[in-house]
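Reader: I would like to learn how to read helices and sheets in a model. Can we go through one together?
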Amino acid sequence: MNGWMGKIRAVLMLSILSLVLAACGKENLTALDPKGYGADTSMDMIILTTLIMVVVFLVVIIVYSIVLVRFRRKKGQENYIPKQVEGNHTLEMVWTAIPIVLVLIMGVPAVMTVFDLADESEASDSINIEVTGNQYWWHFNYAGEEVVTSQDLYIPTGEKVYLNMQSSDVIHSFWVPSISGKMDVNPENVNTMYIEAYEEGVYWGKCAELCGPSHSLMDFKVIAVSPEEFDQWIADMQSVDPADEPQDAVAQEGKELFEANNCMGCHAIGSSPSAVGPNLTNFGDRTKIAGFLEPTEENLVDWIMDPESIKPGNKMTGNYPDLSEDEASSIAAYLMQLKPSEVTPESVGGIN
Ligand code: HEC
Ligand SMILES: [Cu+2]
């Protein structure tokens with residue numbers, strides 16, 4: 001009685017725990033709630049294979065239980081030997097054929113999905129983006145548009161967007177679980193894939209390849225906006241003039257400090273393709289600072305003063321003169337004002 005109660009209690013506790021834990025994790029960071037074509041087709045495969053495995057499991061358990069009960073050694077029949085079926089042709093054919101059929105049911109759609117997701121035939125008429133993975137940030141160059149950005153990748157909904165991906169250093173992996181599968185981003189070759197988001201929203205991306213001490217902080221976002229908003233965003237980004245004067249005196253001072261302290265050596269504002277560090281054209285609209293910090297001025301000052309304590313091993317540390325907190329604040333005020341567009345992560349619901 002006690003033993004049973006204990007087991008029931010354990011099962012109850014586990015169910016409650018899994019309910020509680022199910023609420024953890026970020027929305028739009030799961031392959032199990034697909035919001036884009038690649039994730040959708042992967043989900044179909046997950047469901048198909050899981051169903052088949054459950055059926056196989058149930059059949060095996062049922063047959064096993066029947067055999068266990070029916071062919072127990074019974075009293076008075078200790079020397080009874082049941083009918084021997086070794087070498088039975090029908091049986092052997094059946095248990096060879098069933099797994100082959102099951103593998104075909106899973107394999108054929110899997111191979112078709114792989115070819116479908118690798119189909120590049122529409123790439124030349126579509127949006128093409130050059131994606132560069134860097135220790136520990138992402139660079140996005142919109143081919144033919146003179147638009148460059150980092151960390152937040154804007155795409156239109158309902159369209160296939162083709163990504164041509166390469167790394168500037170070590171192997172990274174581009175993964176936006178709720179939109180698409182993973183793709184390795186290698187230094188020596190260009191890997192391609194397309195992504196398509198069904199709905200507007202902000203989708204979390206992760207680098208899925210261990211790439212150094214701050215690998216786990218190499219987050220990025222896909223911002224899916226309507227096609228009209230996307231065109232608007234591209235136009236807004238194209239109209240940025242890096243020489244424009246900031247609105248107030250503090251930001252003006254920040255701009256001068258930004259120019260005087262080597263920041264420009266690595267960070268472009270405008271469409272310059274050079275990219276030692278993230279392009280900052282629309283930095284004020286970013287969902288995060290450096291991919292993962294809340295975009296507050298305070299966090300930005302901390303980042304500028306000591307990026308190493310925030311993202312160990314990053315390539316910015318030590319490459320510019322030491323700054324006072326006042327200087328860092330002025331630069332932060334300037335960078336926070338870089339908001340060229342009305343189309344922002346907030347305009348499609350922000351992030352959770
Ligand atoms: C040697 C090149 C280099 C210099 C010089 C440099 N940075 Fe950076 N910066 C980087 C790199 C690389 C990153 C990306 C770090 C990461 O996320 O791993 C970065 C990230 C940033 C970010 C976050 C960008 C984003 O998209 O979230 C800001 C803001 C920034 N730097 C500001 C500055 C300022 C201000 C200066 C001058 C005081 C400066 N940087 C000097 C290379 C540089
Ligand atoms: Cu990485």
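**Reading helices and sheets**

Author: Start with helix 2, whose buried residues are Gly38, Ala39, Thr41 and Ser42. Buried means that 20 or more other C-beta atoms lie within 10 Å of the residue's own; exposed means 12 or fewer, partly exposed is in between, and C-beta atoms are placed from the backbone. This is a predicted model: local features need pLDDT of at least 70, side-chain atom pairs count only at pLDDT 80 or more, and totals for chains, interfaces and linings use all residues. Residues are numbered from 1 along each chain as its sequence is written, while chains are lettered from A and ligands numbered from 1 in the order in which they are written.

Reader: What do the buried residues of helix 2 pack against?

Author: First, the general idea. An α-helix has 3.6 residues a turn, so residues three or four places apart point the same way. Here, the buried residues of helix 2 pack against helix 3 (89-117) and strand 8. Contact requires C-beta atoms, placed from the backbone, within 7 Å. Helices (H or I, at least four residues) and strands (E, at least two) are DSSP runs, numbered from the N terminus.

Reader: Why should helix 2 span 50 Å?

Author: The expected span is 1.5 Å times one less than the number of residues. Helix 2 (residues 37-70) has 34 residues, so 50 Å is expected; its end C-alpha atoms are 50 Å apart, which agrees.

Reader: Now the sheets. What is the strand order in the one with strand 1?

Author: Two strands pair if DSSP finds at least two bridges between them. This open sheet has 5 strands in the order 3-2-1-5-8, with mixed pairing. Strand 3 (147-150) and strand 8 (191-195) are the edges, each pairing on one side only. Strand 1 (residues 127-134) runs parallel to strand 5 (residues 161-167), joined by 7 bridges. Val131 stands opposite Met165 of strand 5.

Reader: Which strands form the edges of the sheet ordered 4-10-9-6-7?

Author: That open sheet also counts 5 strands, with mixed pairing. Its edges are strand 4 (152-156) and strand 7 (182-185), each paired on one side only. Strand 9 (residues 201-207) pairs antiparallel with strand 10 (residues 220-225) over 5 bridges. Tyr203 has Val222 in strand 10 as its bridge partner.

Reader: At what angle does helix 4 run to strand 4?

Author: Axes are lines fitted to C-alpha atoms, for helices over the stretch in contact; angles run from 0 to 180 degrees between N-to-C directions. Helix 4 (residues 227-238) lies across strand 4 and strand 10, at about 130 degrees to strand 4.

Conventions
Two residues are in contact if their C-beta atoms, placed from the backbone, lie within 7 Å.
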